[in-house]
Amino acid sequence: MGRSQSVHGTRVTLELWHPNCWAIESTDRVGGGILAHAIYTAPTTEGESVNGLFTAFGQTVDEVEGLIEEIRESPLAGEVLELQERFGRRQSSSVPGNVIREFFLEYDPQDMICPTLLEHGFVHSAPVRIQNGQEYWEVGFAGEREGVQAEIDRVCEDGDAEITVESITSTPTGEPERKHRMDTLTSTQREVFELARNRGYYQWPRGVSTRELAAELDVSKTTLLDHLRKAESKLLDPDDLGTC
């Protein structure tokens, strides 16, 4: 009788650089750092910016204020909206630094590396830390451990990125994390996301436009983008706030 094979999950910590990133460029110029949390709003027309929630941190008020000012001056970043209170998130002792400021920021979704990581099986499992001109990602890998390096090489090629593996571990899990995240999607969100992925929406250059995807699904482009961004938010944000 054959022995049942346990399923293992592979967790990887990546040090990553990619071009056209306001956070990488800002933290390379000044002190302090940034935690990237999630996308909360979706664009309504092709080419519009999206809003992300971020935490700026540092050792002093001056350091954090200097970082935020550097971000405001970046040509890659849009409007910065500082928040007076935390946005629906628990205070975390894991946030580095003595001073923190939360803010929303507009930016171009085509400058994001997370869709490329997701396309190659790397699922965001913690807020991304950006410091000293580098991003630090904690991800779960949807495939076998032996396939990690090959997929990282593809991310580097597709995203013009530079990636170093900081750590890699395999631990027993019930199901691969990517499948667990996929199960949180509604049937419509899953259909839209799978179609976008299969048609090359997450490739660079993109193999299909949102207008073409909307026509194939017989929905408006606005509706298509709404379903797609909500699906991406659930798949990429480990602290999903229950967006339907």
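**Exercise 1. Locate Asn132 in this predicted model, and decide whether the residue is buried or exposed.**

Solution. Begin with the secondary structure: Asn132 sits in the loop that runs between strand 7 (128-131) and strand 8. Turn next to the backbone, where Asn132 shows a positive phi of about 55° although it is not a glycine. Finally, compare the relative accessibility with the cut-off: exposed means over 50%, and because the value for Asn132 is 58%, Asn132 counts as exposed.

**Exercise 2. Carry out the corresponding analysis for Asp160: which loop holds Asp160, and is the residue buried or exposed?**

Solution. The loop in question lies between helix 4 and strand 9 (162-172), and Asp160 is found there. The phi of Asp160 is positive, at about 50°, although the residue is not a glycine. With a relative accessible area of 53%, Asp160 is exposed.

**Exercise 3. Describe the surroundings of Arg145, starting from its loop and ending with the residues in contact with it.**

Solution. Arg145 belongs to the loop between strand 8 (134-141) and helix 4 (148-159). Its relative accessible area is 38%, and because partly exposed residues fall between the limits of 20% and 50%, Arg145 is assigned to that class. In sequence Arg145 and Arg11 are 134 residues apart, while in space their C-alpha atoms are 8.8 Å apart. If neighbours within four places in sequence are left aside, the contacts of Arg145 are with Thr10, Ile168, Thr169 and Ser170.

**Exercise 4. Work out how Ser26 is placed: in which helix does it lie, how accessible is it, and what does its side chain approach?**

Solution. The helix is helix 1, which covers residues 22-29. The relative accessibility of Ser26 is 0%, so the residue counts as buried. A polar atom of the Ser26 side chain lies 2.8 Å from the backbone oxygen of Trp22. Beyond residues up to four places away in sequence, Ser26 touches Leu67, Glu70, Ile71 and Ser74.

**Exercise 5. Identify which members of the largest nonpolar core touch the most other members, and then examine the neighbours of Trp137.**

Solution. The largest nonpolar core has 37 residues, and Trp22, Ile71 and Trp137 are those that touch the most other members. Not counting residues up to four places away in sequence, Trp137 touches Val12, Thr13, Leu14, Leu16, Ile113, Cys114, Leu117, His124 and Val128. There is also a second, separate core of 18 residues, which includes Val192, Val208, Leu224 and Leu225. As general background, nonpolar side chains in soluble globular proteins tend to be buried together.

**Exercise 6. Check the span of helix 6 against expectation, and list its buried residues.**

Solution. Helix 6 (residues 187-198) contains 12 residues, and the distance from its first C-alpha to its last is 16 Å, close to the 16 Å expected at 1.5 Å a residue. Its buried residues are Gln189, Val192, Phe193, Leu195, Ala196 and Arg197. Just after helix 6 comes Gly200, which takes a positive phi of about 90°.

**Exercise 7. Count the aromatic pairs, and then classify the pair Phe54 and Tyr107 and the pair Phe122 and Phe141.**

Solution. The count comes to 5 aromatic pairs, with ring centres required to lie within 6.5 Å. For Phe54 and Tyr107 the centres are 5.9 Å apart and the planes stand at 65°, so the pair is edge-to-face. This pair links distant parts of the chain, since Phe54 is in strand 3 (residues 50-58) and Tyr107 is in strand 5 (residues 99-107), 53 residues apart. Phe54 is buried, with a relative accessible area of 6%, and Tyr107, at 11%, counts as buried.

For Phe122 and Phe141 the centres are 4.9 Å apart and the planes are at 35°, so the pair is tilted. Here too distant parts of the chain are linked, with Phe122 in strand 6 (residues 122-124) and Phe141 in strand 8, 19 residues apart. Phe122 counts as buried at 1% relative accessibility, and Phe141 counts as buried at 9%. As a last step, ring pairs link Trp22, Phe54, Phe103 and Tyr107 into a cluster.

Conventions:
Residues are numbered from 1 along each chain as its sequence is written. This is a predicted model: local features need pLDDT of at least 70, side-chain atom pairs count only at pLDDT 80 or more; totals for chains, interfaces and linings use all residues. Side-chain values use heavy atoms; hydrogens and water are left out. Helices (H or I, at least four residues) and strands (E, at least two) are DSSP runs, numbered from the N terminus. Buried means under 20% relative accessible area, exposed over 50%, partly exposed in between (1.4 Å probe, protein chains only). A polar contact is a pair of N or O atoms within 3.5 Å; within protein, one must be able to donate a hydrogen and the other to accept it, and residues adjacent in sequence count only if both atoms are side-chain atoms. Contact means heavy atoms within 4.5 Å. A nonpolar core is a set of buried Ala, Val, Leu, Ile, Met, Phe, Trp, Tyr and Cys residues joined through side-chain atoms within 4.5 Å. The expected span of a helix is 1.5 Å times one less than its number of residues. Rings of Phe, Tyr and Trp (its six-membered ring) pair if their centres lie within 6.5 Å; planes under 30 degrees apart count as stacked, over 60 as edge-to-face and the rest as tilted.
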